[in-house]
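Trainee: Could we go through this model together before I write it up? I would like to begin with the ligand.

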Amino acid sequence: MALRACGFIVFRRLAVVPPPDNIEYLLLQTSYGEHHWTPPKGHVDPGEEDLITALRETKEEAGLGAEQLQVLDGFVQELRYEVRGRPKEVLYWLAELRDPGTAVTLSDEHQDYRWARVEEACTLAQYKDLQDTLRAAHRHLEADLDKQQ
Ligand SMILES: Nc1nc2c(ncn2[C@@H]2O[C@H](COP(=O)(O)OP(=O)(O)OP(=O)(O)OP(=O)(O)OC[C@H]3O[C@@H](n4cnc5c(=O)[nH]c(N)nc54)[C@H](O)[C@@H]3O)[C@@H](O)[C@H]2O)c(=O)[nH]1
């Protein structure tokens with residue numbers, strides 16, 4: 001059976017910069033292994049619902065709770081890759097940090113974090129599938145902005 005993990009592409013909008021350049025994405029750098037950069041996510045516990053996993057892991061890994069996040073409708077991306085010879089599925093939803101000034105608090109699993117504009121986030125992310133997901137999230141937010149204008 002595939003490993004399964006769930007998480008959020010967390011973003012914030014800075015008030016001082018005009019849209020869409022005010023959008024920044026949260027990436028965390030692991031304190032183990034290759035020190036790769038990833039959005040908050042983690043393994044689904046037995047019997048746990050996917051969205052609950054995403055919320056739990058975001059709280060554990062970034063200190064951001066459900067009350068601080070606005071989960072967006074209409075965006076979810078599934079990534080499939082292999083980890084040490086085992087297939088892994090990762091689901092990402094999109095969530096806005098309601099107060100862009102909220103502090104991120106890391107756990108021992110991560111050694112650094114970055115709020116990054118989409119292209120910088122893609123450079124950090126390094127995996128093609130995660131880069132595609134970040135760009136898809138950004139297009140989704142830009143399309144929302146177009147609808148509002
Ligand atoms: N000491 C040590 N301990 C580890 C290690 N490994 C895990 N632990 C322990 O596990 C706990 C984490 O538990 P959770 O938080 O529940 O799970 P996740 O958040 O799911 O975390 P993972 O790190 O397991 O999973 P990935 O991020 O998926 O990375 C796995 C590999 O996949 C590649 N990869 C990563 N992202 C992408 C992508 O987007 N696209 C593609 N294509 N490939 C990608 C990359 O090559 C990477 O090396 C930690 O506390 C540690 O105790 C390790 O190497 N050394």
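Mentor: Certainly. Please keep in mind that this is a predicted model. The residues of the shell around the ligand divide into seven nonpolar, six polar and five charged.

Trainee: How many residues surround the ligand, and which are the closest?

Mentor: The ligand is surrounded by 18 residues. The closest are G33, G42, Y81, Y127 and L130.

Trainee: Which elements each supply at least two residues of that shell?

Mentor: Two strands and a helix do so: β4 (41–43), β5 (69–83) and α3 (128–148) each supply at least two residues of the shell around the ligand.

Trainee: Let us turn to the strands. What does β1 pair with, and in which sense does it run against β6?

Mentor: β1 and β6 run parallel and are joined by nine bridges. Within β6, W93 stands opposite F8, and V90 stands opposite A5. β1 also pairs with β4, in the antiparallel sense, over three bridges. A further three bridges join β1 to β2, and these two strands run antiparallel.

Trainee: Which residue is the bridge partner of A5 in β4?

Mentor: That is H43. A5 therefore has a partner on either count, since A5 stands opposite V90 in β6 and is bridged to H43 in β4.Trainee: And on the β2 side, what is the bridge partner of R12?

Mentor: In β2, R12 has E24 as its bridge partner.

Trainee: How do β5 and β6 pair?

Mentor: They pair in the antiparallel sense over 11 bridges. R80 stands opposite E89 in β6. The two strands form a hairpin with two residues between them.

Trainee: What is notable about the backbone of R84 in that turn?

Mentor: R84 has a positive phi of about 45 degrees, although it is not a glycine. R84 lies in the loop between β5 and β6 (86–97).

Trainee: Is R84 buried or exposed?

Mentor: R84 is exposed, because only 12 or fewer other C-beta atoms within 10 Å are allowed for that class and R84 has 6.

Trainee: Which other residue has a positive phi without being a glycine?

Mentor: Q126 does, with a phi of about 60 degrees. Q126 is found in the loop between α2 (118–125) and α3.

Trainee: Is Q126 buried or exposed?

Mentor: Q126 is exposed as well, with 11 other C-beta atoms within 10 Å.

Trainee: A change of topic: which peptide bond is cis?

Mentor: The bond from P19 to P20 is cis, with omega near 0 degrees. P20 is placed in the loop between β1 (3–13) and β2 (23–30).

Trainee: Finally, what does UniProt place at residues 1–138?

Mentor: The unreviewed UniProt entry places the feature "domain: Nudix hydrolase" there. In the model, the end C-alpha atoms of residues 1–138 lie 32 Å apart.

Trainee: What are the helix and strand contents of that span?

Mentor: The span is 23% helix and 42% strand.

Notes. Residues are numbered from 1 along each chain as its sequence is written. This is a predicted model: local features need pLDDT of at least 70, side-chain atom pairs count only at pLDDT 80 or more; totals for chains, interfaces and linings use all residues. UniProt positions are given in the numbering used here, feature names are shortened, and annotations may be inferred rather than shown by experiment. Helices (H or I, at least four residues) and strands (E, at least two) are DSSP runs, numbered from the N terminus. A residue is near a molecule or strand if its C-beta atom, placed from the backbone, lies within 6 Å of it. Ala, Val, Leu, Ile, Met, Phe, Trp, Tyr, Cys and Pro count as nonpolar, Asp, Glu, Lys and Arg as charged, and the others, Gly among them, as polar. A residue is buried if 20 or more other C-beta atoms lie within 10 Å of its own, exposed if 12 or fewer, and partly exposed in between; C-beta atoms are placed from the backbone. Two strands pair if DSSP finds at least two bridges between them.
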